[in-house]
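Got the viewer open? Then grab the mouse and follow along, one selection at a time.

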Amino acid sequence: MKNTLKRRNFIKLTVSASGALVIGVHLQSCMPKKKIPEVYEFSPLIKIDTDGWVSLIAKNPEIGQGIKTALPMILAEELGANWNKVKVVQADYNKVYDEQWAGGSYAIILNWDLMRTAGAMVRQVLVRAASQKMNLPIEELTAKNSNIVHVKSGDSLPFEKLIVEASQIPLPEEVEFKSMDSFEIVGKSIPQVDLDKVVSGGVEYAIDVKLPEMVYATVLKNPVFEGGITSYEDNEARLVNGVVDIIELNNAAYGGRLIAPNSPNFVNGIAVIGKSTWATFKAVKKLKVVWDNSSSRKENTDEIFVRFHDQLSNTSIERKDGDIKKAKRSAALNYEAVYEVPFLAHATMEPMNCTVDFRDDFCEVWAPTQNPEALQEGLMKLFGLKPEQIKIHLPRIGGGFGRRYYVDYAMDAAILSQKTGKPVKLTWTREEDIRHDWYRPGSVQKIAASLDKEGMVIGWQHILANASRKTSLGREGGPAGTEIDEYDFPAGFVPNLQFEYGHVLSDVPLGQWRAVAASANAFAVHCFLDELAFINKMDPIDYFLEFLGPKRMVPVVGDYEFDVERLITVVEKVRQNSNWDTALPKGQGRGFAARKGAGSFIAEVVTIDTDENGKVKILRVDAAVDCGIVVNPSGAKAQVEGGILEGLCAALYGEITVKDGATVQSNFHDYQWMRMGEMPEINVEFIKNELPPRGLGEPPLPPAIPALANAIYAATGKRIRKLPIVNHLVD
Amino acid sequence: MPSYTIRVNNAEKTVSVDADTPLLWVLRDELGLTGTKYACGKGLCGSCTVQYKGNAIRSCTLPISSALEANITTIEGLSPDQNHPVQQAWMELDVPQCGYCQSGQLISAATLLSKNNNPTEDEINAAMSGNICRCGTYTRIRKAIQLASSKLDK
Ligand code: FES
Ligand code: FES
């Protein structure tokens with residue numbers, strides 16, 4: 001495949017002092033908002049050393065999604081590098097790497113072409129260099145295992161012997177990608193980089209960083225969202241061995257709660273500085289604080305959900321196709337159901353923490369962040385720093401799931417380092433971590449369908465009411481935002497369709513989560529479709545396939561089309577793999593859901609057993625996935641396994657409740673997570689094709705939730721319309 | 001502050017800390033053994049698991065004053081060269097995702113196999129029930145323990 005390059009000046013080859021070929025880049029993704037830079041600055045992406053080792057920069061933060069392996073794999077593939085002689089180097093934050101964040105399942109989507117283009121350009125340069133040096137025609141040369149090989153004669157030259165020549169060759173105007181059938185790295189299960197370090201405790205997470213003269217810190221935040229501090233007494237805390245200082249953190253002095261759209265500032269509280277983490281954890285418990293909660297709404301979850309329910313009848317229309325009222329009048333049957341999903345925390349395994357050395361007008365940060373750009377912006381706003389006064393390291397992260405899209409904890413750490421004049425490692429306790437999260441929005445959702453006499457849907461109304469991420473915390477002045485989008489499923493599939501949004505204001509801090517909106521909305525949509533199947537006395541998969549209709553491209557919005565065939569393919573595959581059409585013993589049941597997310601198509605079947613008390617045991621999960629080309633099957637499968645587990649955990653146990661304006665839960669005893677014995681085998685099959693790879697971090701999660709709820713119905717006849725499931729179980 | 005001598009990965013270490021300091025923080029902050037992780041501090045998640053007197057214990061709830069009697073094995077001391085059967089199996093099956101829980105998982109798994117080198121699936125689930133994996137690596141961990149066990153059996 002040949003592509004004419006619009007811009008080839010994004011890449012530059014130089015020879016370093018040590019004689020290595022250094023390929024610098026200034027990347028620009030295809031994101032529409034991006035401007036072409038006026039001046040190109042270069043940072044290394046590839047380095048070919050004189051000893052034949054190839055270093056590849058991993059540009060995005062590694063949060064456990066495997067991106068530190070996957071992006072270099074793509075680069076190495078097009079380059080023709082020998083993976084066994086590749087060193088992967090984690091990048092610091094650097095704007096020339098572009099879109100250097102982890103979220104929305106975007107990393108592969110945004111970087112696939114970039115990595116291929118950069119790798120292929122360098123390969124072409126090396127081939128040209130070899131052609132000159134070997135005096136052979138370009139067409140007869142290929143790159144393989146870090147060599148340029150002349151297939152006919154078997155002659156070859158290793159990359160490192162071409163460094164000088166390559167650095168003098170002009171960059172190609174056309175880039176030619178390798179054909180997929182010649183892939184040697186992409187499509188293979190490659191064990192993740194750093195595996196040996198992970199299994200021996202040798203990875204340095206941000207929480208492990210230790211700097212000379214460093215002090216430790218922890219914080220006690222006002223548990224009430226948006227509260228302040230009236231006064232505090234710290235005599236007892238100061239008596240704890242190893243305590244160095246107690247510092248009040250008041251965001252009013254630092255631009256309030258919101259310093260930039262994606263950079264919420266810290267919550268008001270008191271910090272303890274000490275010579276060890278334990279000293280700070282011990283002392284923080286001895287603080288006596290009088291909190292100022294005068295500005296809190298003092299909310300309780302029950303009351304919040306009453307407001308959500310009320311708001312179902314006071315909505316704005318987010319999408320309107322045809323006429324749902326007309327459909328209602330002509331329907332053979334009108335049917336509706338109301339679903340409820342709770343607020344959810346992230347509870348990343350590595351709690352919020354950050355290490356900052358902010359001295360001499362230079363701020364160096366070791367941040368477990370999914371969003372270094374927001375972190376830089378926050379630091380610039382908070383302290384009036386210029387980008388060149390900030391350095392952000394991106395260590396491996398103990399889980400993100402959307403929590404680390406926000407950088408509040410890093411703001412804390414930076415202020416503490418500035419105030420103490422020392423490097424500070426701030427560690428939040430798990431309790432602070434759970435109580436000061438950016439929760440997945442809870443919501444109430446009503447779906448009403450009008451069915452014709454064949455039972456097919458002719459009208460669909462989906463009303464969602466909640467407090468939205470977009471107006472949460474200090475962002476109330478902005479547009480209301482919505483948690484139901486015009487492109488949500490089943491837009492385009494029903495002639496008369498209406499999406500409505502009822503907006504409620506709340507103090508509860510809301511934010512991203514893994515598949516944030518889909519994780520909530522899929523529960524309502526796919527449980528409702530299951531209900532419709534049973535009303536029509538049809539098999540849920542048969543009904544779903546009829547609902548989808550024939551294989552075709554369904555226009556959804558703008559030029560976004562939904563390829564029905566790809567969804568049908570995964571549905572049929574999972575039907576077969578899960579033995580869907582075989583009978584199960586009494587008390588057991590199967591549930592199904594299938595969706596598109598982040599460009600990928602996923603169908604899941606959950607098989608469960610129940611005991612006489614209704615207690616659920618998940619026996620197995622089957623998933624069929626079409627995410628286009630699978631870059632790294634081992635890593636991709638891990639994302640599916642992880643997404644499914646997270647969906648199942650959320651469905652079974654996930655719930656954050658609020659009392660008097662503060663989060664009730666605080667640790668893993670009351671914010672439960674599934675244990676190993678509850679996790680069944682997960683059987684994943686990827687559909688093989690040559691379509692460009694799409695996102696995989698999020699899409700496996702949403703279908704697991706309705707699939708489990710539907711399995712419970714199949715097993716027990718009990719409809720779960722309100723999560724979590726654990727609240728429905730008899731003890 | 002009192003001073004304590006403990007044995008960690010077969011080396012004696014002396015530290016000056018309060019008697020109630022959990023072993024976890026001695027390992028991490030005093031001895032620089034950061035492979036042992038903090039995640040809950042309440043014995044709920046297993047991230048801080050180390051081996052002590054042949055058992056998998058939660059170092060976040062074990063005060064140093066109660067850890068003086070025997071050698072403590074942390075993830076750093078599990079093997080010199082990542083060649084403990086559980087580490088080998090973990091790498092073969094590409095188990096970790098974020099990796100943060102994995103030190104604790106590996107220590108629990110190694111402890112289980114040291115007592116029972118051919119555990120059933122139920123025994124594995126029971127022995128590992130104190131270790132949370134937020135990312136969902138449970139199925140791979142289970143397989144890796146079975147793989148390690150099959151290697152030990154030979
Ligand atoms: S940190 Fe010790 S069990 Fe969680
Ligand atoms: S691998 Fe992330 S918590 Fe287990």
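Which residues lie nearest the centre of the largest cavity? Select A:Gly66, A:Gln192, A:Gly635, B:Asp94 and B:Pro96, and you have them. Keep in mind as you click around that this is a predicted model.

**Stop 1: the cavity**

Stay where you are and widen the selection to the lining. The largest cavity is lined by 17 residues, and its volume is about 110 Å³. What gives the most to this lining? Colour helix α15 of chain A, residues 633-652: this helix supplies four of the lining residues. If you colour the lining by class, expect ten polar, three charged and four nonpolar residues. There is more to hunt for if you like voids, as the structure holds eight cavities of 30 Å³ or more.

**Stop 2: the domains of chain A**

Zoom out and colour chain A by domain. Domain 1 covers 4-184, domain 2 is made of 206-295 plus 346-435, and domain 3 runs over 522-731. Now hide domain 1 and look at the other two. The C-alpha centres of domain 2 and domain 3 of chain A are 37 Å apart. Where they meet, ten residues of domain 2 of chain A are in contact with 13 residues of domain 3 of chain A.

**Stop 3: a serine in a strand**

Next, select A:Ser43, which sits in strand β4 (residues 43-48) of chain A. Is A:Ser43 buried or exposed? It is buried, because its relative accessible area is 12%, and the cut-off for buried is under 20%. Show the side chains of A:Ser43 and A:Asn94, and draw the distance: a polar contact of 2.7 Å joins them. Leaving aside residues up to four places away in sequence, A:Ser43 also touches A:Ile23, A:Gly24, A:Val25, A:Val96 and A:Tyr97.

**Stop 4: backbone oddities**

Time to switch to backbone sticks. Most residues other than glycine have a negative phi, and most peptide bonds are trans. The next few selections go against that.

- Select A:Phe489 and A:Pro490: the peptide bond between them is cis, with omega near 5°. You will find A:Pro490 in the loop between β25 (457-466) and β26 (496-503) of chain A.
- Move on to A:Leu723 and A:Pro724, where the peptide bond is again cis, with omega near 0°. A:Pro724 belongs to the segment after α16 (701-716) of chain A.
- Pick A:Asp194, whose phi is positive, near 75°. A:Asp194 lies in the loop between β10 (174-176) and α4 (195-198) of chain A, and it counts as buried because its relative accessibility is 15%.
- Jump to chain B and pick B:Gln82, with a positive phi near 55°. Here the loop is the one between β5 (71-73) and α2 (85-92) of chain B. B:Gln82 counts as partly exposed because its relative accessibility is 22%.

**Stop 5: the domains of chain B**

You are already in chain B, so finish with its domains. Where do you draw the bounds? Domain 1 of chain B spans 3-77 and domain 2 of chain B spans 85-151. Their contact takes 18 residues from domain 1 of chain B and 14 residues from domain 2 of chain B. Drop a marker at the C-alpha centre of each domain of chain B, and the line between the two markers comes to 21 Å.

Notes:
Residues numbered from 1 in each chain as written. Chains lettered and ligands numbered in written order. Predicted model: local features only at pLDDT ≥ 70, side-chain atom pairs only at ≥ 80, totals over all residues. Heavy atoms only, no water. 1 Å grid on protein atoms, 1.4 Å probe; cavity = no way out; pocket = protein on both sides within 12 Å on 5 of 7 lines; lining within 4 Å. Points joined across faces, edges and corners; volume = space filled by probe spheres on them. Helix = DSSP H or I, 4+ residues; strand = E, 2+ residues; numbered from the N terminus. Nonpolar A, V, L, I, M, F, W, Y, C, P; charged D, E, K, R; others polar. Buried < 20%, exposed > 50% of the residue type's maximum accessible area, 1.4 Å probe, protein only. Polar contact = N/O pair within 3.5 Å; in protein donor to acceptor, adjacent residues only side chain to side chain. Contact = heavy atoms within 4.5 Å. Domains from an automatic or database assignment.
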